[in-house]
Amino acid sequence: PVDQPRDAVLNVGSDDGVKVWLNGAVVHENNVDRGFALDDDTVAVKLDGGENRIVVQITQGGGGWNFGMRFTPPEGGVVPFTTVE
């Protein structure tokens with residue numbers, strides 16, 4: 001969970017395309033054929049205080065696949081959070 005509502009930047013890298021839902025709403029979609037590089041895509045998002053549900057779909061073109069994601073504050077650094085399984 002996030003301690004309070006906050007603006008954040010979603011940083012995504014994927015091999016190949018990617019679609020991300022945050023709390024039930026599509027916040028990012030990039031249907032591309034590419035190799036993985038962390039932070040290829042960035043998008044401004046608003047995190048709710050408490051739990052935030054994230055769903056990710058990777059589209060596969062050929063070969064292997066990979067994915068990485070992180071949230072940062074708009075000014076840089078790290079958004080403090082706790083994972084829930």
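Start this tour of a predicted model by selecting D39, which has a relative accessible area of 25% and is therefore classed as partly exposed, since the buried class ends under 20% and the exposed class begins over 50%. D39 sits in the loop that runs between β3 and β4, and its backbone deserves a check in the viewer, for its phi is positive, at about 70 degrees, although D39 is not a glycine.

**Along the same loop to R34**

Keep the loop between β3 (25–30) and β4 (41–47) on display and select R34, which also has its place there. Is R34 buried or exposed? R34 has a relative accessibility of 16% and so counts as buried, because that value falls under the 20% cut-off. Now show the side chains of R34 and S14, which are joined by a polar contact of 2.8 Å. If residues up to four places away in sequence are left aside, the residues that R34 touches are G13, S14, D15, D16, V18, D40 and D41, and it is worth colouring that set before moving on.

**The D15–D16 peptide and G64**

Two of the residues touched by R34, D15 and D16, are the next stop, since the peptide bond that joins D15 and D16 is cis, with an omega of about 20 degrees. D16 lies in the loop between β1 (6–15) and β2 (17–22). From D15, draw a distance to G64: the C-alpha atoms of the two residues are 7.6 Å apart in space, while 49 residues separate G64 and D15 in sequence. G64 belongs to the loop between β5 (54–59) and β6, and with a relative accessibility of 48% it counts as partly exposed.

**N23, in the loop after β2**

Select N23 next, in the loop between β2 and β3. What is the sign of phi at N23? The phi of N23 is positive, at about 55 degrees, although N23 is not a glycine. The relative accessible area of N23 is 33%, and the residue is therefore partly exposed.

**The largest pocket**

Turn now to the largest pocket, which holds about 480 Å³ of space, and bring N52, I54, F81, T82 and T83 into view, as these are the residues nearest its centre among the 19 that line the pocket. Which strand gives the most to the lining of the largest pocket? Strand β6 (residues 66–72) does, with four residues. If the lining is coloured by class, the viewer should show 10 nonpolar, five polar and four charged residues.

**Zooming out to the whole chain**

Finally, return to a cartoon of the protein, whose secondary structure comes to six strands and zero helices, giving the pattern β-β-β-β-β-β when it is read along the sequence. The radius of gyration of the protein is 13 Å, close to the 12 Å given by the globule rule for 85 residues, so the protein is as compact as a globular protein of that length. With the C-alpha trace oriented on its principal axes, the protein spans about 40 × 25 × 20 Å. Colouring by accessibility would pick out as buried 32% of the 85 residues. A contact map offers a last view: among contacts between residues at least 6 apart in sequence, 72% join residues that are at least 24 apart.

Key: Residues numbered from 1 in each chain as written. Predicted model: local features only at pLDDT ≥ 70, side-chain atom pairs only at ≥ 80, totals over all residues. Heavy atoms only, no water. Helix = DSSP H or I, 4+ residues; strand = E, 2+ residues; numbered from the N terminus. Buried < 20%, exposed > 50% of the residue type's maximum accessible area, 1.4 Å probe, protein only. Polar contact = N/O pair within 3.5 Å; in protein donor to acceptor, adjacent residues only side chain to side chain. Contact = heavy atoms within 4.5 Å. 1 Å grid on protein atoms, 1.4 Å probe; cavity = no way out; pocket = protein on both sides within 12 Å on 5 of 7 lines; lining within 4 Å. Points joined across faces, edges and corners; volume = space filled by probe spheres on them. Nonpolar A, V, L, I, M, F, W, Y, C, P; charged D, E, K, R; others polar. Rg over C-alpha atoms; globule rule 2.2 N^0.38 Å.
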